Amino acid sequence: MSKTGTLSKMSKMMKRLSLMLLRNFFILPYLFILLMRYAKSEKVSEEKKYSLIRQIGYRGCNSGNITVHGYGLENLPKKSGYIMYPNHQGLFDVMGLVYLHKAPFGVVIKKEAYDIFCLRQLVQTMGGLFMDREDVKQGLQIINETAKEVKEGRNFVIFPEGTRSKNGNQLGDFKSGSFKAATKAKCPIVPVAIIDSYLPFDTNSIKQVDVQFHFLPPIPYEEYAGMKTAEIAITVKDRIEKVIKENEHNFNQ
């Protein structure tokens, strides 16, 4: 995204973001100091870091007039070491996932986010990775690093569209390369259908909104082991698209 595009997006989210900041005014300095410290520290445990991230997520949702509806949480594997593949609608996607997902996870995010103050520290605190979509070699390194960490028992989120959809609940193409991390890690793939997540930050409004997160049954490695990544991408997209079509009118009609 260009600087102009980034500024345009930031201006749209300022109303609700300002509301969140105002309603958390007195605790903000404390959370900010902790975030800056945790982002740089290797001594703080992943669980403690994620607890801070969840606290920020809870406060953001509850003070920002956002109701998060979670479905299918029982589908999440009991054992860590899986990758969630959600559709991508905007910056709220990760906040909503944090709000619902109890176990720590990292996120693979485009390198442009590194230049957004606080967002960089949030991703670093989560143990996330920044991918340069224009650099094939660096992208492969990130895929390999993600697979390595998943094998070691960490969970990750990868957005297979690569960038947010700009058409509401309409999906973009799912890039086959994003599934290489799963095939290398031989881990469960958890499709996640996100509905109306563009509303909090892309509508220049502070009115109450409802956002849905549907955690679909995981796809074990044994099921996709013989498939090409392009076939996996189509399978995951089809499953997510089906759930979105069935549920997108549950709220915000």
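**Exercise 1. Determine how many helices and strands the chain has, and decide how its radius of gyration relates to the globule rule.**

Solution. The chain of this predicted model contains 10 helices and 7 strands. Its radius of gyration is 17 Å, and the globule rule gives 18 Å for 253 residues. The two values are close, so the chain is as compact as a globular protein of that length. Along the principal axes, the C-alpha atoms fill a box of roughly 55 × 45 × 40 Å.

**Exercise 2. Describe the burial, the contacts and the surface of the chain as a whole.**

Solution. Begin with burial: 51% of the 253 residues are buried. Next, take the contacts with a separation of 6 or more; 75% of them join residues 24 or more positions apart. Then turn to the surface, where the chain exposes about 12800 Å². Carbon and sulfur atoms supply 56% of that area. Finally, consider the charges: there are 36 positive and 25 negative ones, and their mean positions lie 6 Å apart.

**Exercise 3. Classify the aromatic pairs Phe-25 with Phe-26 and Phe-92 with Phe-201, and state whether their members are buried or exposed.**

Solution. A search of the whole structure yields 8 aromatic pairs. One of them joins Phe-25 and Phe-26, with 5.4 Å centre to centre and 85 degrees between the planes. Planes over 60 degrees apart count as edge-to-face, and the pair of Phe-25 and Phe-26 is of that kind. Both Phe-25 and Phe-26 are exposed.

For Phe-92 and Phe-201, the ring centres are 6.2 Å apart and the planes stand at 70 degrees, so this pair is edge-to-face as well. Phe-92 belongs to helix α4 (residues 92–100) and Phe-201 to helix α8 (residues 199–202). With their positions 109 residues apart, the pair links distant parts of the chain. Both Phe-92 and Phe-201 are buried.

**Exercise 4. Establish to what extent helix α4 is enclosed by the rest of the structure.**

Solution. List the buried residues of α4: Phe-92, Asp-93, Val-94, Gly-96, Leu-97, Val-98, Tyr-99 and Leu-100. These are 8 of the 9 residues of the helix, so α4 is largely enclosed by the rest of the structure.

**Exercise 5. Characterise the surroundings of Cys-61.**

Solution. First, locate the residue: Cys-61 lies in helix α3. Second, assess its exposure. The relative accessible area of Cys-61 is 0%, and buried means under 20%, so Cys-61 is buried. Third, identify its partners, leaving aside neighbours within four places in sequence: Cys-61 is in contact with Ile-66, Val-68, Phe-92, Met-95 and Tyr-99. Of these partners, Phe-92 and Tyr-99 appear among the buried residues of α4. Lastly, Cys-61 and Met-20 are 41 residues apart in sequence, while their C-alpha atoms are 8.1 Å apart in space.

**Exercise 6. Locate Asn-65 and Asp-196, and state what their phi values show.**

Solution. Asn-65 has a positive phi of about 60 degrees, although it is not a glycine. Asn-65 sits in the loop between α3 (46–63) and β1 (66–71). Asp-196 likewise is not a glycine, yet its phi is positive, at about 65 degrees. The loop that holds Asp-196 runs between β6 (189–195) and α8. As for exposure, Asp-196 has a relative accessible area of 4% and is therefore buried.

Conventions. Residues are numbered from 1 along each chain as its sequence is written. This is a predicted model: local features need pLDDT of at least 70, side-chain atom pairs count only at pLDDT 80 or more; totals for chains, interfaces and linings use all residues. Side-chain values use heavy atoms; hydrogens and water are left out. Helices (H or I, at least four residues) and strands (E, at least two) are DSSP runs, numbered from the N terminus. The radius of gyration is taken over C-alpha atoms; the globule rule is 2.2 Å times the number of residues to the power 0.38. Buried means under 20% relative accessible area, exposed over 50%, partly exposed in between (1.4 Å probe, protein chains only). Contact means heavy atoms within 4.5 Å. Accessible areas come from the Shrake-Rupley method with a 1.4 Å probe; for residues, only the protein chains shown count as cover. Lys and Arg count as positive and Asp and Glu as negative; His and the chain ends are not counted. The place of a charge is taken as NZ of Lys, CZ of Arg, CG of Asp or CD of Glu. Rings of Phe, Tyr and Trp (its six-membered ring) pair if their centres lie within 6.5 Å; planes under 30 degrees apart count as stacked, over 60 as edge-to-face and the rest as tilted.
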